[in-house]
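Student: I have a structure here that I have never looked at before. Can we go through some of it together?
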Amino acid sequence: RSAGIIGAPFSKGQPRGGVESGPDLIRAAGLLQRLQEQGCAVKDYGNLTFEEVADDEPVGRVKRARAVGGANQRLSEAVRAVKKDGHTSVMLGGDHSLAIGSIHGHSAAVGELSVVWVDAHADINTALTSTTGNIHGQPMSYLLHELHAKVPVLPNFSWVKPCVSAKDLVYIGLRDVDPGEHYILELLGVKVFSMSEVDKLGVARVMEETCDYLSTRVKKPIHLSFDIDAIDPSVTPATGTPVVGGLTYREGVYITEHLCQTGLLSGVDLVEVNPLRGQTEQDVQSTVSTAVDLLLGCFGRRREG
Ligand SMILES: N[C@](CCCC[B-](O)(O)O)(CCN1CCC(O)CC1)C(=O)O
Ligand SMILES: [Mn+2]
Ligand SMILES: [Mn+2]
């Protein structure tokens, strides 16, 4: 296995400062060294730099669109290059609006993808259904072919080409879905394993059904977009939009171990770690070390040794 690490210190998909520190915190916790220790080749592509955007006035209700569009165009090019170099891309966020560039660039390199979205939230509001205007609650709406006609073209977004089909998307961990999002998920028939299904089926069955569902037709490379707020806030409190009733540490690691074993994992996002949202240093350390362990599971770490 080989991992290409891209740091994306970006926060404009949401209003809270601090999430831009995610990449360096995850590196400082030893991600690269731990990957190498477990036999994974690692190339660190460093942190992207994003230009400041002046006068980034709201477009309708959408906030900071020009900054988000520009940052994701840079990220898309960077992820495409990492994939062309033959690595599994690892995008360290930063907020979840970065999934736009990460998935777009991944698909530009490898073609059609399966997307596994692990999150408390669906992040599938369109610019018109979003009540907050924060683009970290909207990324999937820019990527789905089926929503293309429903999404207005925002400034600095004209480069985004839809690249994912609704049938190739699976959600795990949902527990805070907006009405507009629920309507979209039902309308498109997107496969959802909410926390109710995790409780009902157990994580092993959820992963079995996820992989069966995604490989029913052609097996595609998998893009895992993991929002740290999918994990319960008792474990990962240092994040912008915590929601009670989340995945245990063990369920989170089981998910990444299982996806690694498919041999199809081709791109990973780990987003929404925000040290300023922790109340204690221990809160931050628990959040960051869980993020590292989730990523190690993506690259072959097995709890059995
Ligand atoms: N769905 C939310 C949250 C998005 C979270 C993004 B993340 O990347 O962390 O998954 C809004 C949530 N909703 C707003 C109104 C409140 O009363 C209830 C929560 C949105 O802002 O669209
Ligand atoms: Mn979330
Ligand atoms: Mn998210």
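Tutor: Start with a term: donors are N, O and S atoms within 2.8 Å of the metal (3.2 Å for Na, K and Ca), and water is not among the atoms, so sites may look incomplete. This is a predicted model, where local features need pLDDT of at least 70 and side-chain atom pairs count only at pLDDT 80 or more, while totals for chains, interfaces and linings use all residues. Residues are numbered from 1 along each chain as its sequence is written, ligands are numbered from 1 in the order in which they are written, and side-chain values use heavy atoms, without hydrogens and water.

Student: What coordinates the manganese ion (ligand 2)?
Tutor: D119 (OD), H121 (ND1), D227 (OD) and D229 (OD), with D229 (OD) listed twice, at 2.1 to 2.5 Å. Along the chain, the spacing of these donors is D-x1-H-x105-D-x1-D.

Student: And which residue bridges to the manganese ion (ligand 3)?
Tutor: D119 does, and the two ions lie 3.3 Å apart.

Student: Is H121 buried or exposed?
Tutor: H121 is buried (under 20% relative accessible area, with exposed over 50% and partly exposed in between, using a 1.4 Å probe and protein chains only), because its relative accessibility is 11%. D229 is buried too, at 1%.

Student: New topic: how many residues are in helix 3?
Tutor: Helix 3 (residues 65-84) has 20 residues. Helices (H or I, at least four residues) and strands (E, at least two) are DSSP runs, numbered from the N terminus.

Student: Which of its residues are buried?
Tutor: Among them are A65, V68, N72, L75 and V79 of helix 3.

Student: What follows helix 3?
Tutor: G86, with a positive phi near 95°.

Conventions
Expected span 1.5 Å × (residues − 1).
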